[in-house]
Amino acid sequence: MSLAIFLLPKGDFALELFYWKERIKKELPNQPYTIHPPHMTLINIDVKTENGGVAAVSSLSSSTHPIQITVNKTGLFWDDIATGGHTLYFGIEKNDILSALQKSLALALQEVRQILPPPNYLKDNKQLLGSYDKYGFPFIGDHWIPHFSVSSLLTYKTHPIIEEFLAMPKQYHFTVNQITLWRVEDDKHTLLETVYLK
């Protein structure tokens, strides 16, 4: 079963992210990622049991402090290997504390990780495949680009929504004092646990 660990947006930034998701739902229905809850993925891994995954993550809470997040750009993953679309995202300022948290989560989950063959879309990318083989998630390490996804648009690259999104200079600052654990079944996300950072 798939267990995802998310950071959730807060304040005015959460409203901005929600606005873009709702707009895309209306103007370009049924695009990948649009109906997912607004979030930043720290790790999404297959685990033997949810309870084991929750326990492993909860054990880190006492040694992990709240994290300052600065959203500083809009961007796109052109021709996203997971969807085939162009994935709109809000990027964040480089954050070593966040990278360290991701690595700690990956290591804590190793004992409950369920070993599965890698997805086909990873097979031609040695860096992503290496991360998947080691941690069960392809985006751990220096190649990880922390971001809040909006939607993956299955449309042409000069679509007006893409151009407007990329032209939008925005900056948001907020503090994250919790991580959330979710069961992921295709597009369905079920909140399992909230772990507070101390």
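**Exercise 1. Pro37 and its contacts**

Find which residues Pro37 touches in this predicted model, leaving aside residues up to four places away in sequence, and decide whether Pro37 is buried or exposed.

*Solution.*
Step 1. Locate the residue: Pro37 sits in the loop between α1 and β2 (40–46).
Step 2. List the contacts. Beyond four places in sequence, Pro37 touches Phe6, Lys21, Trp182 and His189.
Step 3. Take one of these partners, Lys21. The two residues are 16 apart along the chain, and their C-alpha atoms are separated by 9.4 Å.
Step 4. Apply the cut-off for burial, which is under 20% relative accessible area. Pro37 has 18% relative accessibility and therefore counts as buried.

**Exercise 2. The surroundings of Lys21**

Determine what surrounds Lys21 and which side chain of opposite charge is nearest to Lys21.

*Solution.*
Step 1. Place the residue: Lys21 belongs to helix α1 (residues 11–27).
Step 2. Look for a charged partner. Lys21 is buried but has no salt bridge. The nearest side chain of opposite charge is that of Glu22, 8.4 Å away; a salt bridge would need a side-chain nitrogen within 4 Å of a carboxyl oxygen.
Step 3. Look for other polar atoms. A polar atom of the Lys21 side chain lies 3.3 Å from the backbone oxygen of Thr34.
Step 4. Complete the contact list. With residues up to four places away in sequence set aside, Lys21 touches Tyr33, Thr34, His36, Pro37, Pro38, Ser149 and Val150.

**Exercise 3. The four-stranded sheet**

Work out in what order the four strands of the open sheet are arranged, which strands are at the edges, and how α1 lies across them.

*Solution.*
Step 1. The order is β5-β4-β3-β6, with antiparallel pairing.
Step 2. β5 (147–153) and β6 are the edge strands, each pairing on one side only.
Step 3. From one strand to the next, the twist averages 30 degrees.
Step 4. Check the pairing of β3 (residues 67–77) with β6: the two run antiparallel and are joined by five bridges. Val71 stands opposite Tyr172, and Gln68 has Thr175 as its bridge partner.
Step 5. Check the pairing of β3 with β4 (residues 86–92): these also run antiparallel, joined by six bridges. Here Thr74 has Phe90 as its bridge partner.
Step 6. Add the helix. α1 lies across β3, β4, β5 and β6, and runs at about 10 degrees to β5.

**Exercise 4. The faces of β6**

Sort the side chains of β6 (residues 172–176) by face, and state which are buried.

*Solution.*
Step 1. Recall the general pattern: in a regular strand, side chains alternate between the two faces of the sheet.
Step 2. Assign one face: Tyr172, Phe174 and Val176 point to it and are buried.
Step 3. Assign the other face: His173 and Thr175 point there and are not buried.

**Exercise 5. Pro66 and helix α2**

Establish where Pro66 is found, what Pro66 touches, and against which elements the buried residues of α2 pack.

*Solution.*
Step 1. Pro66 is in the loop between α2 and β3.
Step 2. With a relative accessible area of 35%, Pro66 is partly exposed.
Step 3. Apart from residues up to four places away in sequence, Pro66 touches Thr175, Val176, Asn177, Leu197 and Lys198. Pro66 and Lys198 are 132 residues apart along the chain, yet their C-alpha atoms are separated by 6.4 Å.
Step 4. In α2 (residues 50–58), the buried residues are Glu50, Gly52, Gly53, Val54, Ala56 and Val57. They pack against β1 (2–7), α3 (96–108), β7 (178–185) and β8 (188–196).

Note on methods
Residues are numbered from 1 along each chain as its sequence is written. This is a predicted model: local features need pLDDT of at least 70, side-chain atom pairs count only at pLDDT 80 or more; totals for chains, interfaces and linings use all residues. Side-chain values use heavy atoms; hydrogens and water are left out. Buried means under 20% relative accessible area, exposed over 50%, partly exposed in between (1.4 Å probe, protein chains only). Contact means heavy atoms within 4.5 Å. Lys and Arg count as positive and Asp and Glu as negative; His and the chain ends are not counted. A polar contact is a pair of N or O atoms within 3.5 Å; within protein, one must be able to donate a hydrogen and the other to accept it, and residues adjacent in sequence count only if both atoms are side-chain atoms. Two strands pair if DSSP finds at least two bridges between them. Axes are lines fitted to C-alpha atoms, for helices over the stretch in contact, and angles run from 0 to 180 degrees between N-to-C directions.
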